[in-house]
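Here's a quick briefing on how the inside of this chain is put together. Have a look at the structure first, then read on for the aromatic residues, the strands and the cores.

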Amino acid sequence: MSAPEKPRLLVSFDQYLPYVSSEQTGALWKLAEGRRQLDANLIRLPPSGGVAAHVEHSLDVLLVVVAGDGRLDGDGEQLALAAGSVAWLPRSSRRGLSAGAHGLVYLTVHARRPGLSVAGTASAAVAAREGGEAPCSLDRVCPECGKMRAEAAAPFCAWCGERVSAAP
């Protein structure tokens with residue numbers, strides 16, 4: 001039996017951000033501890049950049065603005081974001097982000113998703129019921145974090161903020 005993990009300081013964003021290139025966008029930092037139950041990502045959107053509106057059906061997300069400013073577009077409301085803002089994004093809510101003139105740096109925290117797996121009998125049953133295999137969706141998988149984009153044409157990954165090529 002392994003010893004329980006101890007609390008520890010992982011990063012101080014006040015000390016970390018000044019050493020990150022202002023040109024860098026997308027995921028700047030990720031929680032990487034192996035036995036964690038949470039996922040956390042520090043994301044930078046470029047000035048006037050954004051994350052397309054999408055719906056997350058499985059997870060509540062806590063969003064903490066670390067630097068910059070922008071706007072949270074959620075279910076018909078526009079909420080101003082500034083350094084120090086904390087927003088709760090409940091599962092099944094529609095949300096999108098827009099960065100202001102100086103960009104937006106924010107931390108997201110949510111329950112860790114289980115890894116993708118294929119269950120042979122369930123997949124075969126679905127394929128038989130639907131008349132064949134599902135279409136390939138690899139073009140919607142973010143090359144940075146490996147998660148599926150909510151919208152095929154979204155220019156940024158909703159999970160990590162990385163710019164992705166839009167579908168043709």
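Let's start with the rings: Phe13, Tyr16 and Trp29 come together as one aromatic cluster. Keep in mind that this is a predicted model.

**Aromatic residues**
- You'll find 2 aromatic pairs in the structure. One of them is Phe13 with Trp29, an edge-to-face pair with 5.6 Å from centre to centre and 80° between the planes.
- That pair ties together distant parts of the chain, as Phe13 belongs to helix α1 (residues 13-16) and Trp29 to strand β1 (residues 26-30), 16 residues apart.
- Are these two partners, Phe13 and Trp29, buried or exposed? Both Phe13 and Trp29 are buried.

**Strand β1 and its partner**
- Strand β1 is mostly covered, with 4 of its 5 residues buried.
- β1 runs antiparallel to strand β2 (residues 38-45), and 4 bridges join the two.
- Across from Trp29, in β2, stands Leu42.

**Nonpolar cores**
- As background, nonpolar side chains in soluble globular proteins tend to be buried together.
- The largest nonpolar core here has 20 residues, and the members that touch the most others are Leu45, Leu63, Leu81, Leu97, Leu104 and Tyr106. Which elements give two or more residues to this core? They are β2, β4, β6 (86-89) and β7 (94-111).
- Another core, of 10 residues, lies apart from that one, and its members include Phe13, Leu17, Trp29 and Ala40. Phe13 and Trp29 from the edge-to-face pair are thus both part of this second group.
- Leu104, back in the largest core, has a long contact list once residues up to four places away in sequence are set aside: Ile43, Arg44, Leu45, Val65, Ala67, Gly68, Asp69, Gly70, Leu81, Ser98 and Ala99.

**Val65 up close**
- Val65 sits in strand β4 (residues 61-74).
- Why does Val65 count as buried? Its relative accessibility is 2%, and the cut-off for buried is under 20%.
- Skipping neighbours within four places in sequence, Val65 is in contact with Leu81, Ala82, Ala83, Gly84, Ser85, Leu104, Val105 and Tyr106.
- How far apart are Val65 and Tyr106 in sequence and in space? They are 41 residues apart along the chain, yet their C-alpha atoms are 4.2 Å apart.
- Among the contacts of Val65 are Leu81, Leu104 and Tyr106, and these three also appear among the residues that touch the most other members of the largest core.

Key. Residues are numbered from 1 along each chain as its sequence is written. This is a predicted model: local features need pLDDT of at least 70, side-chain atom pairs count only at pLDDT 80 or more; totals for chains, interfaces and linings use all residues. Side-chain values use heavy atoms; hydrogens and water are left out. Rings of Phe, Tyr and Trp (its six-membered ring) pair if their centres lie within 6.5 Å; planes under 30 degrees apart count as stacked, over 60 as edge-to-face and the rest as tilted. Buried means under 20% relative accessible area, exposed over 50%, partly exposed in between (1.4 Å probe, protein chains only). Contact means heavy atoms within 4.5 Å. Two strands pair if DSSP finds at least two bridges between them. A nonpolar core is a set of buried Ala, Val, Leu, Ile, Met, Phe, Trp, Tyr and Cys residues joined through side-chain atoms within 4.5 Å.
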